[in-house]
Amino acid sequence: MSDAVKYVLRFAAFVIVQGLVLSFMPPLHRFITPYVYLLFLLWMPFVTGRVAMLVWGFLLGLSLDFFTKTPGLHASACLWVAWLRGGMINLLVPRETKELASGTPGARTMGLAGYLLFLFVLTLIHHIWVTAIEWLSFGSIGYFLGKVLLTTVASMILYLVTEMLFRPRANRRRKFD
Amino acid sequence: MRNVFLFIRRYAVFFLFLILQVVAISMLVRYNKSQQARYMQWSYEATGRINKQADNLTRYIFLNDNNRRLAQENAALRNQLSSNFVQVDSSAVLMADTMMVDSSRVIRKYLYRYARVVNSSTNLQNNYITLERGTRQGVAPGMAVAAPGGIAGLVVDVSPNMCLVMSLLHRKQSTSVSVKGRQINGILEWDGKSPLRLQLNGIPKTREIAVGDTIITSNISMNYPPGLIVGFIERIDKPDDEVNLIIQVKSGANFFGIEHVQVIENTLLKEQKALEARADRSTN
């Protein structure tokens, strides 16, 4: 399967799971809405151009927005993630790994701690932005912090589950290195 | 000039980021300003179709509960049938030939149309319900929507085959309601905190009111027929620094498993609005 087809299918899968299932589940708690679609952006290869990242980010956010009836909200947050991802990778990944054509962010290429930090920081930024805009005109600081933190933690758990389900190869290889 | 181009070239990615960010934010602001942003319409049709497929899958989960609710709803509606009509009092009208006028004539005031829910949300700040019924099927903005068990919201936007309903779980909705049997009117709103609880505002502390009272739509509501069940009082707080009671209401409709609703058209609404607008004009 060519890379382009793979990304389009993955894009559709993430948007549909997020837009039809996760965003419309009865809330687990008033603070927690699980987000998993962000993994599409986070899993893009290191060599993806910054312009391409921005365009993917905008399209991903906008597609989800059509399901949640909030045009621009997630698109705007995804743009931040797409924009800041490059800087995070520069900080966390050695140059030689980064230039591998097949390199994608993962525990194998970044180290477990680095990878978790990468996921956590970018997800936190996404949730801060979404929650800030949503609560701009109403709500208190306690709600804001609670919702940002707990939603981030819930997303992290979902990421790990998705990781174990769909990317077992990366983990296995690390064990035998 | 060359330097300007160099500058733009150097920061091209940043400019793209800024431009896209501005596009996204302005879309959001424009959409939030008017509840009826026209340019979203094509997306209702597109996501509506996908949602319909997904809905077909999930609808079996709630089948049992919905059947029970629909049966109850049917019974309630049969009892209410006569209240859908208003008697026109023609006794005070001077007529040259009374044979021409049937003085016992009734006219239909409320028209109920069945609609199927294809999408709904409960965990956002502004929640909407999408119905598969649009202008081609007679829906217009401002019509009321009732779910089995209680009212659900108001139609705010329509496309040819879909319509968008502002759910009771919406920060900007406010509904005129009254407490059944007590003749107390209040405003039902939502503070965006828990989708299980709505807030009834505007009732002073001096009024007698009890937990468990039924909240119904009031007779001065433009969109809702009077007497429809809205919900039940769950908790009453009497804060020292407030004039009004803070009342938590459990909604009668189950917003988590909403599938079948009735879109209610007030056929006399236009007439009422025109009359009231005329009064406004003449007093100003």
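Start where the two chains touch: 26 residues of chain B and 25 residues of chain A make up the contact. Keep in mind as you click around that this is a predicted model.

**Stop 1: chain B's side of the contact**

Select α2 (12–33) and α3 (41–58) of chain B, the elements that each give two or more residues to the side touching chain A. Colour α2(B) separately, since you'll want to see its part: with 10 residues, α2(B) supplies the largest share of that side. Now switch to colouring by residue class. On the chain B side you should count 15 nonpolar, nine polar and two charged residues.

**Stop 2: a helix pair in chain A**

Hide chain B for a moment and select residues 50–68 (helix α3) and 73–92 (helix α4) of chain A; the axes of these helices come within 7 Å and cross at roughly 155 degrees. Angles over 145 degrees count as roughly antiparallel, so α3(A) and α4(A) run roughly antiparallel to each other. The crossing of α3(A) past α4(A) is right-handed.

Next, show side chains where the two helices meet. From α3(A), pick residues including A:Met53, A:Leu54, A:Trp56, A:Phe58 and A:Leu60. From α4(A), the contact residues include A:Leu73, A:Leu79, A:Val81 and A:Trp83. Charged residues turn up here too, among them A:Arg50 and A:Asp65 in α3(A) and A:Arg85 in α4(A). Sorted by class, this helix contact has 15 nonpolar, five polar and three charged residues.

**Stop 3: the barrel in chain B**

Bring chain B back and switch to cartoon. Six of its strands close into a barrel, and you can trace them in the order β3-β4-β7-β6-β5-β14, with antiparallel pairing. Direction ignored, neighbouring strands in this sheet are turned by 45 degrees against each other on average.

Zoom in on one pair: β4 (residues 126–131) and β7 (residues 163–170) of chain B, which pair in the antiparallel sense over five bridges. For a single bridge to look at, select B:Tyr128; its partner in β7(B) is B:Met166.

**Stop 4: an odd backbone angle**

Last selection: B:Gln183, in the loop between β8 (175–179) and β9 (184–189) of chain B. What is the phi of B:Gln183, which is not a glycine? The angle is positive, at about 55 degrees. And is B:Gln183 buried or exposed? Draw a 10 Å sphere and count: B:Gln183 has 9 other C-beta atoms within 10 Å, and 12 or fewer counts as exposed, so B:Gln183 is exposed.

How values were computed
Residues numbered from 1 in each chain as written. Chains lettered and ligands numbered in written order. Predicted model: local features only at pLDDT ≥ 70, side-chain atom pairs only at ≥ 80, totals over all residues. Helix = DSSP H or I, 4+ residues; strand = E, 2+ residues; numbered from the N terminus. Buried ≥ 20, exposed ≤ 12 C-beta atoms within 10 Å, placed from the backbone. Axes fitted to C-alpha atoms, helices over the stretch in contact; angles between N-to-C directions. Parallel < 35°, antiparallel > 145°, perpendicular 65-115°, else oblique. Left-handed = near helix turned anticlockwise from the far one by under 90°. Contact = placed C-beta atoms within 7 Å. Nonpolar A, V, L, I, M, F, W, Y, C, P; charged D, E, K, R; others polar. Pairing = 2+ DSSP bridges.
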